[in-house]
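Welcome to this guided tour. Open the structure in your viewer, keep the selection tool at hand, and follow along stop by stop.

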Amino acid sequence: MEPNNTTTGAPVFSVIVLSWNSIECLKRCLESLRRQTTRLFEVICIDNGSKDGSSEWLAAHSLPELVG
């Protein structure tokens, strides 16, 4: 399901997630967003050069239901 505003088709708001060497926190955060009942948002993840595999995990586990 794509997030959108019913009149324009655009997301109503953006959730920006900043991450740096916090893969477990990132997983919990994105799982929490996945459980939301509204889909009127887009998720933007920004990794600050993590060395714990965060960006690789994110690339391998795309979340299409959270992407607009």
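Let us begin at Arg35, which counts as exposed at 56% relative accessibility. Keep in mind throughout that this is a predicted model.

**Stop 1: a network around Arg35**

With Arg35 selected, add Glu31: these two form a salt bridge, and their closest N and O atoms are 3.9 Å apart. Next add Arg34, which also forms a salt bridge with Glu31, this time with the closest N and O atoms 2.7 Å apart. Glu31, Arg34 and Arg35 are thus linked in a network of salt bridges. Why can Glu31 and Arg34 face each other along the helix? They are three residues apart in helix H1, so about one helical turn separates them. Glu31 is partly exposed at 30% relative accessibility, and Arg34 is partly exposed too, at 28%.

**Stop 2: another pair on the helix**

Stay on helix H1 and select Lys27 and Glu24. They form a salt bridge whose closest N and O atoms are 3.5 Å apart. Because Lys27 and Glu24 are three residues apart in helix H1, they too are separated by about one helical turn. Lys27 is partly exposed at 29% relative accessibility, and Glu24 is partly exposed at 46%. The structure's count comes to three salt bridges.

**Stop 3: zoom out**

Now show the whole chain as a cartoon. How many helices and strands does the chain have? There are two helices and two strands, and along the sequence they follow the pattern β-α-β-α. Of the 68 residues in the chain, 24% are buried. The accessible surface comes to about 4,600 Å², and carbon and sulfur atoms account for 57% of that surface. Consider the contacts between residues at least 6 apart in sequence: 76% of them join residues at least 24 apart.

**Stop 4: from Glu24 to Ser54**

Here is an example of two residues that are separated in sequence. Select Glu24 in helix H1 together with Ser54 in helix H2, which covers residues 54-60. Glu24 and Ser54 are 30 residues apart in sequence, and their C-alpha atoms are 8.5 Å apart in space.

Is Ser54 buried or exposed? Ser54 is buried, with a relative accessible area of 1%. Its side chain reaches the backbone nitrogen of Ile23 at 3.4 Å. Leaving out residues up to four places away in sequence, Ser54 touches Ser19, Asn21, Ser22, Ile23, Leu26 and Asp47.

**Stop 5: Ser19, a contact of Ser54**

Follow that list to Ser19, in strand E1 (residues 13-19). Ser19 is buried as well, with a relative accessible area of 5%. Which residues does Ser19 contact, leaving aside neighbours within four places in sequence? They are Leu26, Ile46, Asp47, Asn48, Ser50 and Ser54.

**Stop 6: an unusual turn of the backbone at Asn21**

Select Asn21, in the loop between E1 and helix H1 (23-34). Most residues other than glycine have a negative phi. Asn21 has a positive phi of about 50° although it is not a glycine. Asn21 is partly exposed, with a relative accessible area of 32%.

**Stop 7: a nonpolar patch on the surface**

Switch on the surface and select Ile16, Leu18, Ile44 and Ile46, which make a nonpolar surface patch of about 370 Å². Strand E1 and strand E2 (41-47) are the elements that give two or more residues to this patch. Pick out Ile16 for a closer look: it is found in strand E1 and counts as exposed, at 52% relative accessibility.

**Stop 8: the cysteines**

Finally, show the cysteine side chains. How many disulfides does a search of the whole structure find? It finds zero. A disulfide is a covalent bond between the sulfur atoms of two cysteines. Start with Cys25: its sulfur is 6.5 Å from the closest cysteine sulfur, in Cys29, and this is too far for a bond, given that a disulfide needs two cysteine sulfur atoms within 2.5 Å. Then select Cys45, which is in no disulfide either; its nearest cysteine sulfur, that of Cys29, is 7.2 Å away. Cys25 is partly exposed, with a relative accessible area of 43%, and Cys45 is partly exposed, with 27%.

Technical notes
Residues numbered from 1 in each chain as written. Predicted model: local features only at pLDDT ≥ 70, side-chain atom pairs only at ≥ 80, totals over all residues. Heavy atoms only, no water. Buried < 20%, exposed > 50% of the residue type's maximum accessible area, 1.4 Å probe, protein only. Helix = DSSP H or I, 4+ residues; strand = E, 2+ residues; numbered from the N terminus. Contact = heavy atoms within 4.5 Å. Polar contact = N/O pair within 3.5 Å; in protein donor to acceptor, adjacent residues only side chain to side chain. Patch = residues over 30% accessible without salt bridge, like charges linked within 9 Å, V, L, I, M, F, W, Y side chains within 5 Å. Areas by Shrake-Rupley, 256 points an atom, 1.4 Å probe, with all protein chains shown as cover. Salt bridge = Lys/Arg side-chain N within 4 Å of Asp/Glu carboxyl O.
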